[in-house]
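Here are my notes for your review, set out as numbered points to be read alongside the coordinates. They take the overall division first, then the sheets with their helices, and then the pockets.

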Amino acid sequence: MTTLYQDHLTVLQQRYEAALTHFQCDAVVLASGHKQYYFQDDHTAPFHSYSGAQQWLPFTLSAETYLIIEAGKKPRIVWPIRDDFWHAPNPVPAGEWQDSWDITPARRDDKWFQGLPEKCAWLGPEPQDFAYVIPGFNTYVDFAKAVKTPYEIAAIQRASVRGAKGHLAARDAFLNGLSEFEIHLAYLQASQQTANQEPYPSIIGVNEHASVLHYEHKDFDRSANPLTLLIDAGATEHGYASDITRTFTKQDDEFRALVKSLDSAEQEMAKKALSGMSYPELHQEALRTIAGILQDHKICSLSVDEQISKGITQTFFPHGLGHLLGLQVHDVGGFHQDVLGTRREPDANAPFLRLTRTLEENMVLTIEPGLYFIPMLLDKMQAEIPQHGCNMALIKQLIPYGGIRIEDNIVVKDEAPVNLTRQAFSECEA
């Protein structure tokens with residue numbers, strides 16, 4: 001990773017120097033952020049560094065760390081020294097990365113910012129008086145984050161392997177009849193992380209819980225009749241996330257056939273993540289694909305065009321096809337069309353789509369179609385859409401299974417996208 005990291009730093013330096021020139025600044029300070037205490041408590045929430053700062057370092061950044069970027073100079077890191085016997089020490093990580101940085105240890109009351117250029121921008125939380133919050137600066141650099149360097153892609157790939165190991169362990173735990181909580185523990189152990197280290201709280205939904213898109217609980221009780229497991233869980237590497245979803249079933253029945261259909265369709269969608277493709281158009285193709293699955297499995301008797309025109313497909317697939325992926329699970333810049341922050345909002349028929357850009361080589365994104373049986377949306381459809389053509393008797397039989405989501409992490413290419421998730425599972429199952 002050493003050469004990849006050095007090349008990555010060169011790209012970041014070029015991006016930030018272009019931003020400094022554009023905004024006529026001499027330097028920019030990137031702050032990792034501070035720990036946040038719960039109200040009336042001496043306990044802090046889990047700390048996550050500001051992604052703009054994390055992007056520069058090959059390890060997980062701690063709180064109160066500052067990076068100083070100036071054109072033509074070696075980047076500088078201000079490393080926090082804590083005179084603290086309550087917590088573990090925070091030494092500067094060893095490694096060749098240090099050769100690329102000037103490292104300044106500093107205590108909280110040290111005036112490390114003295115000597116900075118007069119026009120200095122600030123990126124991150126809690127801006128200080130010695131620097132300026134310049135409108136548009138963060139948008140300028142965030143736009144470029146969508147296109148990943150080889151170092152970043154390698155980090156996401158390694159996070160994908162750890163995530164795949166966790167998913168396979170979760171599958172086995174489900175097939176052995178364990179509870180959601182026990183499945184979660186199996187996932188954490190196999191992916192070698194604590195719950196606080198996950199890039200987002202894992203979704204572990206058994207049966208009807210699989211129809212809750214962001215199901216946040218882990219049931220301690222084992223299901224008397226486990227039918228379905230939907231697990232949406234990832235891992236991190238140097239701050240970069242994988243974001244993987246799989247749906248597993250126990251019985252060889254109509255619902256398993258639905259899972260197979262969606263899995264095949266998802267892989268075909270992923271192959272279309274090519275440079276020049278409009279992501280909103282890819283989402284519209286996904287809606288038509290879901291409509292075809294509903295028709296093929298006799299869930300809805302209407303044609304694909306009729307389902308689309310009546311908005312029936314969104315009853316079963318209410319969310320967007322995916323999003324940018326990187327230092328944040330829902331990575332920044334998904335709506336920006338240029339470095340100046342020109343936005344394209346999602347269309348009315350895809351209000352929850354998180355990515356409206358035209359795809360470029362080495363963007364990393366998710367492809368995650370779903371097919372759910374959500375009672376609230378089904379009731380709304382029956383109340384508002386006459387002649388919906390849906391087989392409610394069959395749907396009633398499928399509601400106990402909850403739903404399906406299949407999610408892969410894709411590197412956009414000019415000719416053939418790279419499916420990091422499928423590669424990871426192949427490596428783990430070899």
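1. The protein is divided into two domains, domain 1 covering residues 1-134 and domain 2 covering residues 150-429. Please keep in mind throughout that this is a predicted model. Taken over C-alpha atoms, the centres of domain 1 and domain 2 are separated by 34 Å, and the contact takes 13 residues from domain 1 and 13 residues from domain 2.

2. One sheet to examine is open and is formed by 5 strands, which follow the order β4-β3-β2-β1-β5 with mixed pairing. Its edge strands are β4 (102-106) and β5 (120-123), each of which pairs on one side only. On average, and with direction ignored, neighbouring strands of this sheet are turned by 20 degrees against each other.

3. Within that sheet, strand β3 (residues 76-80) and β4 run parallel and are joined by 5 bridges. A specific pair to look up in the coordinates is tryptophan 79, whose bridge partner in β4 is proline 105. As general background, strands of a sheet pair through backbone hydrogen bonds, and they do so in either a parallel or an antiparallel manner.

4. Helix α1 (residues 2-22) should be viewed together with this sheet, since the helix lies across β1 (27-31), β2 (66-70) and β5. With respect to β2, helix α1 runs at about 70 degrees.

5. Another open sheet has 3 strands in the order β6-β7-β10, and here the pairing is antiparallel. Because β6 (203-206) and β10 (244-249) stand at the edges with a single partner strand each, one side of each is left without a neighbour in the sheet. Neighbouring strands of this sheet are turned by 10 degrees against each other on average, direction ignored.

6. The antiparallel strands β6 and β7 (residues 228-233) are joined by 4 bridges, and the bridge partner of glycine 205 in β7 is leucine 230. Two helices are placed against these strands: helix α4 (residues 150-175) lies across β7 and β10, running at about 20 degrees to β10, whereas helix α5 (residues 180-191) lies across β6 and β7, running at about 140 degrees to β6.

7. Where does the largest pocket lie in relation to domain 1 and domain 2? Both domain 1 (1-134) and domain 2 (150-429) give residues to its lining, and the pocket therefore lies between them. Its volume is about 1400 Å³, and of the 47 residues that line the largest pocket, Lys35, Phe47, Leu61, Ser62 and Ala63 are the closest to its centre. The elements that give two or more residues to this lining are α2 (51-54), β3 and β8 (236-237). By class, the lining of the largest pocket has 20 polar, 16 nonpolar and 11 charged residues.

8. The second largest pocket, with a volume of about 480 Å³, also deserves a check. It is lined by 23 residues, of which Ile203, Leu213, His214, His330 and Arg354 are the closest to the centre. The lining of the second largest pocket divides into 9 nonpolar, 7 polar and 7 charged residues.

Technical notes
Residues numbered from 1 in each chain as written. Predicted model: local features only at pLDDT ≥ 70, side-chain atom pairs only at ≥ 80, totals over all residues. Heavy atoms only, no water. Pairing = 2+ DSSP bridges. Axes fitted to C-alpha atoms, helices over the stretch in contact; angles between N-to-C directions. Contact = heavy atoms within 4.5 Å. 1 Å grid on protein atoms, 1.4 Å probe; cavity = no way out; pocket = protein on both sides within 12 Å on 5 of 7 lines; lining within 4 Å. Points joined across faces, edges and corners; volume = space filled by probe spheres on them. Nonpolar A, V, L, I, M, F, W, Y, C, P; charged D, E, K, R; others polar. Domains from an automatic or database assignment.
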